[in-house]
Amino acid sequence: MAERPEDLNLPNAVITRIIKEALPDGVNISKEARSAISRAASVFVLYATSCANNFAMKGKRKTLNAGDVLSAMEEMEFQRFLAPLKESLEVYRREQKGKKEARKDKDKKADSEEQDKSREEDNDDDDERMEEEEQNDEEEVDN
Amino acid sequence: TGPARLARLPLARVKALVKADPDVTLASQEAVFVLARATELFVETIAKDAYVYAQQGKRKTLQRKDLDNAIEAIDEFAFLE
């Protein structure tokens with residue numbers, strides 16, 4: 001992969017929509033301003049990742065987790081992001097759990113009728129195996 | 001955007017940025033999600049902060065210089081300089 005980090009940008013349409021919703025009606029954004037915000041957003045991700053990774057390493061972990069990102073926000077002085085991020089994370093976790101259970105129900109139905117009917121809800125912590133619509137979790141970064 | 005909103009930025013693109021860091025081994029899906037949400041909040045914040053300068057200039061169009069002014073003036077944006 002010969003991409004430089006600066007080349008990795010976020011979709012213009014989404015960035016523009018977020019900007020427009022943050023500003024009052026009737027306010028416009030010049031192309032240059034939108035472009036600058038988009039680049040700033042990419043830099044934000046890179047910087048936050050680096051910061052979060054320091055927390056992971058401090059905790060002797062090889063996997064960057066949500067807590068590391070939250071710690072990074074605090075470190076970067078974006079404490080005001082913490083409350084909304086935690087709420088979003090809760091919603092996200094509930095959704096992922098719902099998806100997981102939907103998959104398990106599907107699997108159960110596919111199983112023969114002879115199965116145990118009174119199976120309790122699983123308590124596995126296999127959230128590492130959760131699949132996104134787009135891609136798998138925790139792909140190895142081959143650097 | 002409400003606090004409980006799910007990410008609008010595609011997680012795959014955010015993940016690509018995370019992977020660009022040579023020091024990062026693995027990132028959990030949740031981490032990528034929180035990063036995506038944080039980035040959205042960041043975009044909102046910087047847009048609003050820049051807009052203050054447009055207002056001072058009595059303009060209804062946000063311009064590049066408004067961004068530059070906000071970045072220079074606000075400590076949290078120092079990493080962008």
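# Contacts between domains and between chains

The area buried between domain 1 and domain 2 of chain A is about 310 Å², with carbon and sulfur atoms giving 87% of it. The model is a predicted one, and the exercises below work from this domain contact to the contact between chains.

**Exercise 1.** Describe the contact between domain 1 and domain 2 of chain A, stating which residues and which helix of domain 1 give the most to it.

*Solution.* Begin with the bounds: domain 1 of chain A covers residues 1-77, and domain 2 covers residues 85-142. Next, count the residues that touch, which are 4 from domain 1 of chain A and 5 from domain 2 of chain A. On the side of domain 1, A:Thr63, A:Ala66 and A:Leu70 lose the most area to domain 2 of chain A, and together they account for 86% of what that side buries. Then look for charged and polar pairing: between these two domains there are 0 salt bridges, and 0 residue pairs in polar contact with both residues at pLDDT 80 or more. Helix α3 (residues 66-75) of chain A gives the most to this side of domain 1, with 3 residues. Finally, sort that side by class, which yields 3 nonpolar residues, 1 polar residue and no charged residues.

**Exercise 2.** Describe the contact between chain A and chain B, stating how many salt bridges are counted and which element gives the largest share of the side of chain A.

*Solution.* Start with the extent of the contact, which takes 72 residues from chain A and 55 residues from chain B, while the two chains bury about 6,000 Å² between them, 69% of it on carbon and sulfur atoms. Turn then to the pairing, where the count is 3 salt bridges, among them the one that A:Arg80 forms with B:Glu76, whose closest N and O atoms are 3.7 Å apart. There are also 12 residue pairs in polar contact between the chains, with both residues at pLDDT 80 or more. The largest share of the side of chain A that touches chain B comes from α2(A), with 17 residues. By class, this side of chain A has 39 nonpolar, 15 polar and 18 charged residues.

**Exercise 3.** Classify the pair of rings formed by A:Tyr47 and B:Phe79, and explain why the pair joins two chains.

*Solution.* Over all chains, the structure holds 10 aromatic pairs. For A:Tyr47 and B:Phe79, the ring centres are 5.0 Å apart and the planes stand at 10°, so the pair is stacked. To place the pair, note that A:Tyr47 lies in helix α2 (residues 31-58) of chain A and B:Phe79 in the segment after α3 (64-73) of chain B, and therefore the pair joins two chains.

Definitions and conventions. Residues numbered from 1 in each chain as written. Chains lettered and ligands numbered in written order. Predicted model: local features only at pLDDT ≥ 70, side-chain atom pairs only at ≥ 80, totals over all residues. Heavy atoms only, no water. Domains from an automatic or database assignment. Contact = heavy atoms within 4.5 Å. Buried area = accessible area lost by both parts, 1.4 Å probe. Salt bridge = Lys/Arg side-chain N within 4 Å of Asp/Glu carboxyl O. Polar contact = N/O pair within 3.5 Å; in protein donor to acceptor, adjacent residues only side chain to side chain. Helix = DSSP H or I, 4+ residues; strand = E, 2+ residues; numbered from the N terminus. Nonpolar A, V, L, I, M, F, W, Y, C, P; charged D, E, K, R; others polar. Phe/Tyr/Trp six-rings, centres within 6.5 Å; stacked < 30°, edge-to-face > 60°.
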